[in-house]
Amino acid sequence: MGDATPTSGLPATGLSREQIRARLDTSKLDPIRGHFTRAFRPPLEVQQVGLEAYMEFLSDNAFFSMYLPYIGDLEGDLMRMCTSLFHPHADSTASPTSGGSDSIYCGIHAAREWGKVHRPGATQPEVLMPYSAHAAFDKACHYFGLKPVRTPLREDFRADVDAMNKAITKNTVCIVGSAPCWSFGRYDPLTEIAALAGEHGLWMHVDACVGGYLAPFYEKLGRPMPVWDFRLPQVKSISADLHKYGYCPKPMSTILWAHEDLLQYHYYHPENWPAGPYKMKGLAGSRSAGPVFAAWSVMSYLGEAGYLDLARKLMATADRLAKGIAGIDGLEVFKTDLMPFTFRGTSIDLEKLIGVMFEKGWVLLGNHEPPLINMPLDAATTDEMVDLLVQELAQGCEAIRSGKVESKGALRYG
Ligand SMILES: *Cc1c(COP(=O)(O)O)cnc(C)c1O
């Protein structure tokens with residue numbers, strides 16, 4: 001029998017199931033204080049529906065989705081359910097991806113290919129985006145040989161559209177807005193960005209990774225939301241994560257295309273290798289069909305009524321946490337348009353607070369500039385969790401005020 005102590009190589013003989021179990025058990029976080037590292041989850045019953053499908057199709061390869069109907073048909077149904085939420089045109093469509101970053105890579109890659117045809121003067125193509133756009137846009141530019149151009153924000157933490165206008169050059173191919181951005185949970189002035197895209201003939205990408213599968217339901221519940229989707233005719237692509245407020249198990253996201261013919265800029269099907277045409281839906285080759293079957297199952301199980309219920313529950317959870325934060329001396333809610341739930345320190349150093357909370361077992365996500373704490377609340381967040389969080393935040397602030405806290409944690413996301 002092998003040895004479960006850490007080694008630098010493959011065990012010479014296999015570990016027992018018990019040894020494996022023991023090692024896995026040491027990896028567990030506190031179920032309440034570690035909750036936000038496991039976001040975004042629905043209530044347990046819905047998780048079970050996803051999990052069953054996930055396990056059953058875990059080993060099936062979704063790389064066959066362009067060939068084999070048993071995967072392709074269901075994935076097609078899933079993509080149509082998704083597209084229907086974004087006020088689609090008659091020929092809008094969607095592609096499955098492994099996550100928000102992957103969706104952004106697909107959008108930026110397609111924008112580059114489209115630019116070769118529609119922006120032929122762009123010899124060194126640029127992607128124009130506000131400072132608050134997700135870091136995955138820089139990664140996409142790096143991978144695909146584009147230049148990221150970030151413009152400052154207005155005082156309200158939304159894109160400064162005048163600054164974006166001034167930054168447009170003959171090399172600009174793509175303009176980006178967030179719906180909303182992660183750091184501040186605020187929507188950029190997308191109607192104005194769309195007007196710039198129209199005027200200058202640019203590809204417009206809307207990043208709705210966090211908001212895409214929540215905003216439609218908040219809107220139906222009467223929450224006023226800005227127009228952010230295909231209602232803006234200039235929008236060509238939207239990234240939206242099923243593994244966030246779609247409440248589907250990771251890794252699962254979507255890239256939505258305004259018109260089906262834009263897929264010509266997305267697909268790349270090489271043939272020049274020994275195994276014939278290589279037709280994949282996106283950047284990935286082999287990928288588990290588990291997340292696809294799970295996402296289809298979760299969305300079908302919830303339906304519109306289910307998502308509306310979860311949206312109502314989330315609103316109530318956010319209100320409860322907002323009341324709690326309002327009662328803590330030194331903290332204040334930072335108003336977002338949607339999610340993440342965010343707060344800042346009025347007299348408390350958040351680096352100290354995140355450090356103190358980490359010592360208590362809470363893993364919280366921070367924003368560095370300006371200092372904020374972003375909370376990915378989800379429909380599995382219970383009142384008990386919120387109340388314990390509020391109680392321990394209050395204790396943490398008290399400890400900081402009394403000078404008992406020396407060390408600092410890092411306000412960071414990744
Ligand atoms: C989460 C997020 C992303 C990246 O998504 P991943 O699934 O983590 O790759 C991009 N943009 C926004 C606004 C996000 O919230």
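User: How far is a polar side-chain atom of H243 from an oxygen atom of the ligand?
Analyst: The model is predicted. H243 is one of the residues that come nearest to the ligand. Its polar side-chain atom and the ligand oxygen lie apart by 2.8 Å.

User: How much of the ligand's own accessible area does the protein cover?
Analyst: Start with the ligand on its own: its accessible area is 380 Å². Now add the protein. The share it covers is 88%.

User: Which side chain has an N or O atom 2.6 Å from a nitrogen atom of the ligand?
Analyst: Two side chains share the value 2.6 Å, so check the ligand atom. S101 has its N or O atom at that distance from a ligand oxygen. For the ligand nitrogen, the side chain is that of D207.

User: Which residues around the ligand come nearest?
Analyst: The ligand has 14 residues around it. By class, six are nonpolar, five polar and three charged. Those that come nearest are G100, S101, D207, H243 and K244.

User: Which helix gives the most to the shell around the ligand?
Analyst: Look at residues 100-118, which form one helix. Three residues of the shell come from there. The helix is α4.

User: Is S95 buried or exposed?
Analyst: S95 has its place in strand β1, residues 93-97. Its relative accessible area is 1%. Buried means under 20%. Therefore S95 is buried.

User: With which side chain does the side chain of S95 make a polar contact?
Analyst: Leave out residues up to four places away in sequence, and S95 touches M79, S253, T254, I255, W257, L263, H266 and K281. The polar contact between side chains has a distance of 2.9 Å. The partner of S95 is W257.

User: What is omega for the peptide bond from A39 to F40?
Analyst: F40 sits in the loop between α1 (17-26) and α2 (44-57). The bond from A39 to F40 is cis. Its omega is near 15 degrees.

User: Which residue does a cis peptide bond join to E369?
Analyst: Go to the loop between β10 (365-367) and β11 (372-375). The cis bond has an omega of about -5 degrees. The residue joined to E369 is P370.

User: Is Y247 buried or exposed?
Analyst: Y247 is in the loop between β6 (235-240) and β7 (253-257). Its phi is near 60 degrees, a positive value in a residue other than glycine. Its relative accessible area is 3%, so Y247 counts as buried.

User: What is the relative accessible area of H87?
Analyst: H87 also has a positive phi, near 50 degrees, and is not glycine. It lies in the loop between α3 (69-83) and β1. H87 is partly exposed, with a relative accessible area of 38%.

User: How many residues does the largest nonpolar core have?
Analyst: L331, L353 and M375 have the most contacts inside this core. Helix α10, residues 290-326, brings its largest share, 15 residues. The core has 127 residues.

User: Which of L353 and C397 touched by L331 is among the residues with the most contacts inside the largest core?
Analyst: L331 touches I325, F343, R344, G345, T346, I348, L350, L353, L393 and C397, not counting residues up to four places away in sequence. The residues with the most contacts in the core are L331, L353 and M375. The name found in both lists is L353.

User: How many residues does the other core have, lying apart from the largest one?
Analyst: Its members include F157, C181, F184 and L372. The other core has six residues.

Conventions:
Residues numbered from 1 in each chain as written. Predicted model: local features only at pLDDT ≥ 70, side-chain atom pairs only at ≥ 80, totals over all residues. Heavy atoms only, no water. Near = heavy atom within 4 Å. Polar contact = N/O pair within 3.5 Å; in protein donor to acceptor, adjacent residues only side chain to side chain. Areas by Shrake-Rupley, 256 points an atom, 1.4 Å probe, with all protein chains shown as cover. Helix = DSSP H or I, 4+ residues; strand = E, 2+ residues; numbered from the N terminus. Nonpolar A, V, L, I, M, F, W, Y, C, P; charged D, E, K, R; others polar. Buried < 20%, exposed > 50% of the residue type's maximum accessible area, 1.4 Å probe, protein only. Contact = heavy atoms within 4.5 Å. Core = buried A, V, L, I, M, F, W, Y, C linked by side-chain atoms within 4.5 Å.
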